[in-house]
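I set out to record what can be looked up in this model, working from single residues to the whole chain. My entries follow the display.

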Amino acid sequence: FEDNVQVKISSSFQNLLLNTDKLVLNRDDDLITSNSNTYFKANNFNISSRKLIIRDFSTDQNQILFGDGKIINPNTNEKLGSASEINYSLDSGILIMRGLAVIKNKTLSVYADEIHYDPDRKKIIKSVNSKIINNSQ
């Protein structure tokens, strides 16, 4: 699919919207991919990325992977964080951020190799090799 592709994913507790320029369905690998700029909207966060992989939902993986992703506050359009790879689990609602992962708020920034972030509660669940910086100085 090409030229302003929009995909809507709905369930009883969330509505998700994906916008991209090009989407490729690969039947051999059961993947949906995009190597162009992508904008993803969820209930409590948005993600802007340069690459996208959706794993086959029929295998119960229910994951969307974003390459070179930025997490954005949907209310303010403020950048909340970024990572080389962001894995969104639709089942748990958790974002697993890997590679140069950063989560920021007004008072703190957390830099780590890996961050597990709950956007509904706005909390870091886990971080690996992390460094915390005070932003209020």
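For these entries I take contact to mean heavy atoms within 4.5 Å. I note at the outset that the model is predicted.

**Entry on Asn-46**

I began with Asn-46, which I located in strand β6, residues 46-49. I then listed its contacts, leaving aside neighbours within four places in sequence: Tyr-39, Phe-40, Lys-41, Lys-70, Ile-71, Ile-72 and Pro-74. I found a polar contact of 3.2 Å between the side chains of Asn-46 and Tyr-39. Is Asn-46 buried or exposed? Its relative accessible area is 5%, and the cut-off for buried is under 20%, so I entered Asn-46 as buried.

**Entry on Phe-40 and the core**

Phe-40 appears in the contact list of Asn-46, and I followed it next. Not counting residues up to four places away in sequence, I recorded that Phe-40 touches Leu-16, Leu-17, Leu-18, Phe-45, Asn-46, Ile-47, Ile-64, Phe-66 and Tyr-88. Which members of the largest nonpolar core touch the most other members? I noted Phe-40, Ile-71 and Met-97, out of 26 residues in that core. Two or more residues of this core come from each of β2 (15-22), β7 (51-55), β8 (63-72), β9 (79-89), β10 (95-104) and β11 (108-118).

**Entry on Ser-36**

I turned to Ser-36, which I placed in the loop between β4 (31-34) and β5 (38-41). I recorded its relative accessibility as 17%, so Ser-36 also counts as buried. With residues up to four places away in sequence set aside, I found Ser-36 touching Thr-20, Asp-21, Lys-22, Ser-49, Arg-50 and Lys-51. With Thr-20, I noted a side-chain to side-chain polar contact of 3.2 Å.

**Entry on the whole chain**

I counted 13 strands and zero helices in the chain. Its radius of gyration is 15 Å, close to the 14 Å that the globule rule gives for 137 residues, and I therefore entered the chain as being as compact as a globular protein of that length. Along the principal axes, I found that the C-alpha atoms fill a box of roughly 50 × 30 × 30 Å.

How much of the chain is buried? I recorded 39% of the 137 residues as buried. For the accessible surface I noted about 8300 Å², with 45% of it belonging to carbon and sulfur atoms. Among contacts with a separation of 6 or more, I recorded that 26% involve residues 24 or more positions apart.

Methods: Residues are numbered from 1 along each chain as its sequence is written. This is a predicted model: local features need pLDDT of at least 70, side-chain atom pairs count only at pLDDT 80 or more; totals for chains, interfaces and linings use all residues. Side-chain values use heavy atoms; hydrogens and water are left out. Helices (H or I, at least four residues) and strands (E, at least two) are DSSP runs, numbered from the N terminus. Buried means under 20% relative accessible area, exposed over 50%, partly exposed in between (1.4 Å probe, protein chains only). A polar contact is a pair of N or O atoms within 3.5 Å; within protein, one must be able to donate a hydrogen and the other to accept it, and residues adjacent in sequence count only if both atoms are side-chain atoms. A nonpolar core is a set of buried Ala, Val, Leu, Ile, Met, Phe, Trp, Tyr and Cys residues joined through side-chain atoms within 4.5 Å. The radius of gyration is taken over C-alpha atoms; the globule rule is 2.2 Å times the number of residues to the power 0.38. Accessible areas come from the Shrake-Rupley method with a 1.4 Å probe; for residues, only the protein chains shown count as cover.
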